[in-house]
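User: Hey, got a minute to go through a model with me? I'd like the quick tour.

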Amino acid sequence: MTARLNGAQPYALGLFRIVVGLLFACHGAVALFGVLGGVDGKGGTAATGAWPNWYAAVIELVGGTLVLLGLGTRIAAFISSGAMAYAYFKVHQPQGLWPIENSGEGAAMYCWAMFLLIFTGSGAFGLDRLLAKRTSTQEQRSPGQTPVAA
């Protein structure tokens, strides 16, 4: 049983990355474009350039999209995790010690989910793996072999 689960690990990790990235990107889209109800439930957006809301929304949208695609996953997850740590400690934590008290569960969960992806990478289904395969295939060609140009 353990061997079977270990064999499925990259696929489970890939699905985890896709779901976390999609949900994280949705948070950014809500604040930047007012979709899915917007920040106020009436289609409102974060004011352009407003600290920290607008910048957090940009990080959420771009970072979430990169994580979703599995492109630059570790770097995007690092920046996203840091943004959520900032959100938790500067916005939520001053209002109460525990996340359940200060409505910081989302920030804490995203922070730790992105932190995990820093160390695990994209898993299966990521563009990182596709690009790595292409690069390794090109490196394996011997210098004597040159591709035929049309």
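Analyst: Sure, here's a short walk through fold, overall shape, cores and surface. Keep in mind that this is a predicted model.

User: Cool. How many helices and strands does the protein have?
Analyst: The count is 6 helices and 0 strands, so from the N terminus the order reads α-α-α-α-α-α.

User: And what's the radius of gyration next to a compact globule of 150 residues?
Analyst: The protein comes out at 19 Å, while a compact globule of that length would be near 15 Å. The C-alpha trace spans about 65 × 45 × 25 Å along its principal axes.

User: What share of the contacts is between residues 24 or more positions apart?
Analyst: Those make up 64% of the contacts with a separation of 6 or more. As for burial, 33% of the 150 residues are buried.

User: Which residues have the most contacts inside the largest nonpolar core?
Analyst: Val-67, Ala-77, Met-84, Met-114 and Leu-117, in a core of 18 residues. Two or more residues each come from α1 (2-33), α3 (73-92) and α5 (105-120), and α5 gives the most, with 8.

User: What does Ala-77 touch?
Analyst: Leaving out residues up to four places away in sequence, Ala-77 touches Val-67, Met-114, Leu-117 and Ile-118. Apart from that core there's another one of 7 residues, including Ala-25, Leu-32, Ala-46 and Ala-57.

User: Switching to the outside: what's the accessible surface?
Analyst: About 9,800 Å², with 67% of that belonging to carbon and sulfur atoms.

User: How many positive and negative side chains?
Analyst: 9 positive and 6 negative, and the centres of the two sets sit 15 Å apart.

How values were computed: Residues numbered from 1 in each chain as written. Predicted model: local features only at pLDDT ≥ 70, side-chain atom pairs only at ≥ 80, totals over all residues. Heavy atoms only, no water. Helix = DSSP H or I, 4+ residues; strand = E, 2+ residues; numbered from the N terminus. Rg over C-alpha atoms; globule rule 2.2 N^0.38 Å. Buried < 20%, exposed > 50% of the residue type's maximum accessible area, 1.4 Å probe, protein only. Contact = heavy atoms within 4.5 Å. Areas by Shrake-Rupley, 256 points an atom, 1.4 Å probe, with all protein chains shown as cover. Lys, Arg positive; Asp, Glu negative; His and termini not counted. Charge placed at Lys NZ, Arg CZ, Asp CG, Glu CD. Core = buried A, V, L, I, M, F, W, Y, C linked by side-chain atoms within 4.5 Å.
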